Every structure is written in C-alpha cells, then in structure tokens.
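I open this notebook to keep a record of what I looked up, entry by entry, with the structure beside me.

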Amino acid sequence: MTPDAASENLRPAPARRVDRAGVVIAAALAGLAAVLVWDASKLPSTTMYGMGPEAMPVVIAIGLVILAIGNLIDALRGNLPPRESMDPKPVGLIIGGLALLIAIIGFGGGFILATSALFVTTSAAFGRRAVLADTAIALVITTLIYLAFDKLLTLSLPAGPLERLL
Amino acid sequence: MMDTFAALAHGMAVAMQPMNLLYALIGVFLGTAVGVLPGIGPALTVALLLPVTYKLDPGGSLIMFAGIYYGGMYGGSTTAILINTPGESASMATALEGNKMAKAGRGGPALATSAIGSFVAGTIATIGLAFLAPWLVDFAVRFGPEDYFALMCVAFVTVSATFGDSPVRGLTSLFIGLTLGLVGIDKLTGQARLAFGIPELLDGVEVTTLAVGLFAVGEALYVASRRHHAEEKLEPVRGSLWMTKEDWRRSWKPWLRGTLFGFPIGALPAGGAEIPTFLSYSTERRLTKHPEEFGKGAIEGVAGPEAANNASAAGTLVPLLTLGLPTSATAAMMLAGFQQYGLNPGPLLFAERPDLVWGLIASLFIANGMLLVLNLPLVGLWVRLLAIPQPWLYAGILVFATMGTIAAKPSVVELSMLAAFGVMGFLMRRFDFPIAPVVIGLILGPIAESQLRRALAISLGDPMVLLQSPMSATLLGIALIALLAPFVLKGLGRFKANED
C-alpha cells in the first residue's frame with residue numbers, strides 16, 4: 001500500500017468518494033456466487049457419505065459473497081489503489097480484432113485470414129497507420145506460421161480458402 | 001545420500017541422450033527468445049510454448065520445458081536491465097539497479113553478472129532440489145488425503161492473501177480461479193457443473209487458455225490502454241560485455257547470499273520470488289561498501305536479486321515435484337505440462353517414473369550450463385528482438401497467443417473464452433488484482449476438492465478427520481494464521497498510527 005493510502009485510512013472522512021467501479025466488481029462477485037448456488041441446486045445429491053459434487057460450489061459461493069462484501073467496503077471507503085487514465089480506443093480495436101478472429105474461424109475462413117485480421121487491428125491499436133503494409137506483412141507471417149506448423153510439426157490448423165491454395 | 005547420486009547419475013544419462021540434449025537446446029533458445037520480449041514473464045513463456053511440445057514424448061517434452069523455464073527467466077532479466085520493464089515482479093529489483101547500470105553504459109557487466117549469478121544460483125539450488133526432494137518424498141508418502149488438502153489450503157492462503165498488497169483482492173483472484181476450476185464434469189460422480197449445456201465446457205477450463213488469456217491478451221490490452229503515458233526506452237549495450245576484476249569481487253558474495261535467500265523461501269509452500277529478491281536487494285544495500293552507488297546502478301543490486309530470483313525458481317520445483325503443489329504461476333504452468341500427459345507430480349511419480357523426474361532435474365543443470373554459454377555471446381541477437389517496434393511486437397504476441405488455442409482446440413467457444421480471459425486480465429491489471437492466484441486456483445482447486453472428498457469418504461463423512469491428523473491440524477492452523485495475519489497486522493498498524 002502506498003504511504004498516501006495508508007495515511008488516508010486514518011481519517012474516516014466523509015469526503016472520500018465512493019469508487020463506482022469497485023461497487024460494480026462487488027456486485028459481479030455476488031452475481032457469480034448466485035450463479036454457483038443456482039447451478040449447484042440443480043445437481044442431484046447422490047453421495048451417501050462425505051461431500052457430493054454440490055458441496056464445493058456452495059462453499060466457494062459463500063467465499064465469493066464474503067469477498068463481495070470486502071470489495072464493497074473497500075469501494076465505499078474509496079480504498080482502491082489509484083488508477084491511471086486510459087485510452088479506450090486501442091482496447092476496443094484489439095477486442096474487435098479478437099471478435100473478427102473468432103468470427104472468421106467460426107465461418108471457416110481459416111487460420112491465415114483470422115490471425116492476419118488480429119495482427120492488423122492490434123498493430124493499429126498500437127498506433128500504426130499503414131494498414132495496407134501491415135496487412136501484407138501479416139499475410140506473409142501467418143502463411144509462414146501455417147506452413148511451419150502444418151507441414152513441419154504436422155499440427156493441424158483450421159484451413160480456409162487461402163490455406164487450400166497452398 | 002548415495003541414492004540421490006545414483007538417481008542423479010541415471011537422470012544425467014537420460015538427459016545426455018543426443019535427442020534430449022537437442023530438446024533442451026531448443027527449449028533454452030525458445031525460452032530466452034520469448035522471455036526476452038517485454039511484458040512476457042516466465043509463466044507466459046511456458047504457457048505460450050506448451051503447444052510446441054504437444055507432439056513430443058513426455059520425457060523429451062519435460063526436458064524441453066526445463067529449458068524453456070530457465071530460458072524464460074534469463075530472458076526476463078535481460079529485458080529488465082535493458083528496458084526497465086520487468087515482465088514479473090521478481091525482476092523488479094533487477095530492473096532497479098540494472099537499468100541504471102545500462103543507462104550509465106555498463107549494460108554489459110550488468111547482463112554478465114545477472115547471467116553468471118543466475119547460473120551459480122541455479123546450479124546450487126538445483127543441487128539443493130536434488131537432495132531435498134527424496135527426503136521430502138519419504139515424508140510425503142505418509143500424507144493422507146486430509147494432509148494434502150490442508151497443505152493446499154496453506155498454499156492457497158499464502159499465495160493469495162499473506163504477501164500481496166491487499167488480502168481481499170488476492171483472495172478474490174483466488175476464488176475466481178477456484179470457481180473456474182469447478183467448470184466441467186465432476187470426476188467422482190460424472191455430474192456436469194457450470195457447463196450450462198455447452199459441450200466444450202464439459203472438459204473444464206484449459207489452464208493454458210486461462211494463462212495465455214490473462215497474461216498475453218490481458219497485458220496487450222493493458223499496455224495499449226496506457227500507451228499514451230510513457231514510451232519504453234531501449235538502452236543500447238555499450239562498452240565491454242565482460243566484468244572487470246572489481247565487478248567479480250563485488251558480485252560473488254551477493255550471488256551466494258541471494259541463493260541463500262532464494263532457495264529456502266522458494267521451496268516453502270508459500271512460494272513467490274518477490275520476497276527473496278527484495279530481501280536480497282535490501283541486504284546488499286546494507287552490506288555494500290559503495291552505498292553511494294545504490295539507486296544509481298550498483299552491481300551488487302543486480303547480482304544479489306538475480307541470484308535470489310533464479311534460486312527461488314528452482315526452489316518452487318521442490319513442492320511442485322515432491323507434493324504436486326505449484327506455488328507460482330510458472331510452477332502452475334509446469335504442472336499443466338505434466339498433466340497434458342496424465343502425469344501427476346508427487347511421491348508416486350518419483351517411484352513410478354524416476355527416469356522422468358531425475359531426467360528433468362538433470363536437464364535443469366544442463367539447461368543452466370547451456371544458457372551461460374549461449375546467452376552472453378548471443379546477447380546481440382536478444383537485443384535485436386527487443387528492438388522490434390511495439391505495434392508489430394504485440395500484434396505478433398497476440399497471433400502467437402491465439403495460435404496456441406487454435407492449434408489445440410479450434411472452436412469458437414474456446415477462442416471466446418480466451419478473449420474473455422483477456423478482458424478479465426486487463427480489468428484485473430487495471431484494478432490491481434493479482435493474477436497468479438487465479439491460475440493457481442484453477443489448477444489446484446479441483447485437486448484440493450478431490451482430496452477433501454476422498455478424506456471425507458474414508459472417514460464416512462466425519463469432518464473431524466481434518467483435525468485428527470496432527471499434520472493436517474497443524475497445517476490448517478498455519479493456513480488460518482496466514483489468513484488472519486495481514487488483517488491483524490494492518491489493524492495493529494492503524495492502532496499504532498492512531499496513538500501517535
């Protein structure tokens with residue numbers, strides 16, 4: 001803990017702000033606990049002695065509820081460590097790239113197209129503007145990876161239209 | 001004692017087979033190359049390279065693993081020294097002085113003292129491992145399931161709560177991992193838990209998917225989100241690579257002291273390399289004859305922590321190999337490597353597959369030696385890897401990261417999990433939740449549960465069995481103390497501060 005945060009602990013001043021993100025985290029943990037209990041309640045208890053499969057999820061759910069309360073207390077007291085400002089655009093670009101990759105794999109577009117899409121969006125997220133050049137680089141690199149894995153290591157990677165040409 | 005020598009000699013015979021030497025060499029090379037990339041620590045190095053070993057036999061694969069493991073450690077310290085971005089908290093102390101040395105044009109000696117120190121510490125610690133392991137195995141064969149369960153409780157608590165910044169956030173990470181560990185078919189009854197009718201989830205969450213998502217994708221998202229803050233600067237290696245006589249004189253004692261901190265603390269089921277590295281750093285700072293250099297690039301401040309870091313890495317292999325207990329994210333990935341062949345480290349593995357275990361230990365020595373020979377001459381190559389422009393570097397890391405998953409399980413569900421874990425890793429970094437406890441919770445949670453259920457089945461459901469075994473009662477007591485200590489100490493601190 002930083003010295004600042006420690007000294008802040010000493011004064012329970014009402015001026016401290018509630019950390020909204022912390023409240024959301026606490027709520028998410030409580031929600032996860034609810035899912036665990038709901039899922040466990042559907043398991044039939046068949047074990048004669050000891051613990052059945054439904055016992056551990058309930059124990060973990062109880063732990064999650066306690067931790068949700070702990071996180072909530074930290075959030076209400078504003079005790080969370082300071083966060084730096086963030087730029088949402090690159091994060092969105094990379095997540096978009098991952099979504100594109102999943103979609104291309106899902107629709108049978110193959111390894112080369114899928115990973116090339118991720119390469120180009122990630123590179124753009126880190127500030128590159130030369131999309132065409134990056135696309136060319138990505139296609140070459142991923143084709144080489146595909147060939148190395150498919151032909152040398154005989155590890156099967158999903159094939160699409162481009163892979164079938166090779 | 002003689003048994004150990006015989007076993008080790010046998011292991012050496014296994015590891016020295018030409019094919020196995022080649023595997024070790026490939027492992028060392030790949031481990032260093034991936035470990036040197038900024039933001040990639042040893043755990044992620046092992047996770048990323050796990051798919052490469054799929055097609056090998058268990059022996060060769062574990063030997064390659066040993067090389068990847070040590071290579072990743074060496075690579076990480078190179079990055080810490082040359083660009084001040086420690087891939088993991090254990091390299092933080094190295095970055096502190098090492099980067100200052102590099103800035104002052106003494107990057108060569110800094111890299112050399114860290115490489116030679118790692119070699120010295122790794123060798124001593126591996127000898128320690130070889131002698132401690134059989135002794136611990138003798139002890140561990142008497143463990144009942146309740147004792148194992150209690151031991152895992154100790155590991156859970158110490159890894160998540162005792163040594164972190166915030167016990168609440170550490171335990172939260174652990175419980176997220178434990179929750180993920182529940183997913184899939186329950187091994188004892190065949191019931192599906194948390195699968196929500198999705199067939200891919202019946203097999204459970206893959207450790208590699210989780211680790212690669214949290215570490216690689218999460219790190220890429222995090223670095224991208226704060227790219228506008230500061231550019232990393234690569235320090236060129238100027239001047240001589242070699243250490244002067246003065247450098248040697250100032251380095252050898254810190255190496256040995258660092259090893260003495262690192263190995264025992266790493267071997268405890270508490271794990272973590274942060275504590276020994278910082279203990280070593282503060283000790284060297286106190287003992288040095290050149291206190292004015294500390295903070296400006298003192299060679300002792302690189303030599304000690306690097307040795308401590310490597311010794312503790314070898315130390316974490318003690319509980320991993322003898323008890324099947326991973327105490328760091330890297331050790332958890334090693335356990336995943338064993339599990340992909342259906343092997344469970346522990347006393348039984350020593351009895352059933354001595355060739356594997358001792359081959360692995362012997363190849364640790366070999367990997368260490370290879371690294372010493374390879375690393376200093378090849379430092380120019382590693383530096384060139386560091387100079388890859390950031391956009392291509394992270395784009396490449398993500399392609400490589402997703403490739404592992406695509407090769408193992410090319411399904412939309414698995415890839416979506418990878419992306420979701422990536423977002424989770426990003427949020428955890430942003431809100432300062434530790435990541436290693438999630439991985440350890442996932443891999444150790446199901447084992448702990450099955451041990452507990454086995455213990456309760458034997459005792460016909462009587463929970464007192466956990467307290468009747470003196471071993472288990474003691475361990476549970478330790479776990480309770482370790483859980484409460486940070487809260488009590490924090491309370492005491494506040495109380496004292498109020499008195500002032």
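The entries below go through one chain, then the contact between chains, then a few helices and single residues.

**Entry 1. The model and chain A**

I note at the outset that this is a predicted model. I looked up the secondary structure of chain A and found seven helices and zero strands, with the elements running α-α-α-α-α-α-α from the N terminus on. Of the 166 residues of chain A, 33% count as buried. I also checked how far along the sequence the contacts of chain A reach: among those between residues at least 6 apart, 61% join residues at least 24 apart.

**Entry 2. Where chain A touches chain B**

I then turned to the contact between the two chains, which takes 57 residues from chain A and 56 residues from chain B. On the side of chain A, helix H1 (3–10), helix H2 (20–41), helix H3 (55–77), helix H4 (88–106), helix H5 (111–125) and helix H6 (131–152) each supply at least two residues. Sorting that side of chain A by class, I have 38 nonpolar, 13 polar and six charged residues.

**Entry 3. Helix H3 of chain A**

I looked more carefully at H3(A), which has 23 residues and reaches 34 Å from its first C-alpha to its last, close to the 33 Å expected at 1.5 Å a residue. Its buried residues include Met56(A), Pro57(A), Ile60(A), Ala61(A) and Leu64(A), and further along the helix Leu67(A), Ala68(A), Asn71(A), Asp74(A) and Ala75(A) are buried as well. What covers these buried residues? The cover includes H2 of chain A, together with helix H8 (167–182), strand S2 (192–193) and helix H19 (436–458) of chain B. After H3(A) comes Gly78(A), with a positive phi near 65°.

**Entry 4. Helix H4 of chain B**

In chain B I began with helix H4 (residues 58–83), whose 26 residues should span 38 Å at 1.5 Å a residue; the C-alpha atoms at its ends are 36 Å apart, which agrees. Is H4(B) largely enclosed or largely open? I find that 24 of its 26 residues are buried, so H4(B) is largely enclosed by the rest of the structure. The residue that follows H4(B) is Asn84(B), and its phi is positive, near 60°.

**Entry 5. H4 against H6 in chain B**

Two packed helices are described by the angle between their axes and the distance between the axes. For H4(B) and helix H6 (residues 107–140) of chain B, I have an angle of about 155° and axes 10 Å apart. Since angles over 145 degrees count as roughly antiparallel, H4(B) and H6(B) are therefore roughly antiparallel to each other. H4(B) passes H6(B) in a right-handed crossing.

From H4(B), the residues that meet H6(B) are Tyr70(B), Met73(B), Tyr74(B), Ser77(B), Thr78(B), Ile81(B) and Leu82(B); their partners in H6(B) are Gly107(B), Ala110(B), Leu111(B), Ser114(B), Ala115(B), Ser118(B) and Gly122(B). By class, this contact of H4(B) with H6(B) has eight nonpolar, six polar and no charged residues.

**Entry 6. H6 against H10 in chain B**

I followed H6(B) to helix H10 (residues 245–267) of chain B, where the axes come within 9 Å and cross at roughly 40°. That makes H6(B) oblique to H10(B), and H6(B) passes H10(B) in a right-handed crossing. Among the residues making the contact are Pro109(B), Thr113(B), Gly117(B) and Val120(B) of H6(B), and Asp247(B), Ser251(B), Trp255(B) and Gly258(B) of H10(B). The contact of H6(B) with H10(B) has nine nonpolar, seven polar and one charged residues.

**Entry 7. Two aromatic residues**

Tyr146(A) has its place in helix H6 of chain A. I count Tyr146(A) as buried, because it has 21 C-beta neighbours inside 10 Å. Setting aside residues up to four places away in sequence, Tyr146(A) touches Phe111(A), Ile112(A), Leu157(A) and Glu163(A).

Phe294(B) lies in the loop between helix H11 (274–287) and helix H12 (300–323) of chain B. With 18 C-beta neighbours inside 10 Å, Phe294(B) counts as partly exposed. Leaving aside neighbours within four places in sequence, I find Phe294(B) in contact with Arg285(B), Thr288(B) and Gly301(B).

Technical notes
Residues are numbered from 1 along each chain as its sequence is written. Chains are lettered from A and ligands numbered from 1 in the order in which they are written. This is a predicted model: local features need pLDDT of at least 70, side-chain atom pairs count only at pLDDT 80 or more; totals for chains, interfaces and linings use all residues. Helices (H or I, at least four residues) and strands (E, at least two) are DSSP runs, numbered from the N terminus. The expected span of a helix is 1.5 Å times one less than its number of residues. A residue is buried if 20 or more other C-beta atoms lie within 10 Å of its own, exposed if 12 or fewer, and partly exposed in between; C-beta atoms are placed from the backbone. Two residues are in contact if their C-beta atoms, placed from the backbone, lie within 7 Å. Ala, Val, Leu, Ile, Met, Phe, Trp, Tyr, Cys and Pro count as nonpolar, Asp, Glu, Lys and Arg as charged, and the others, Gly among them, as polar. Axes are lines fitted to C-alpha atoms, for helices over the stretch in contact, and angles run from 0 to 180 degrees between N-to-C directions. Angles under 35 degrees count as roughly parallel, over 145 as roughly antiparallel, 65 to 115 as roughly perpendicular and the rest as oblique. A crossing is left-handed if the near helix is turned anticlockwise from the far one by less than a right angle, and right-handed if clockwise.
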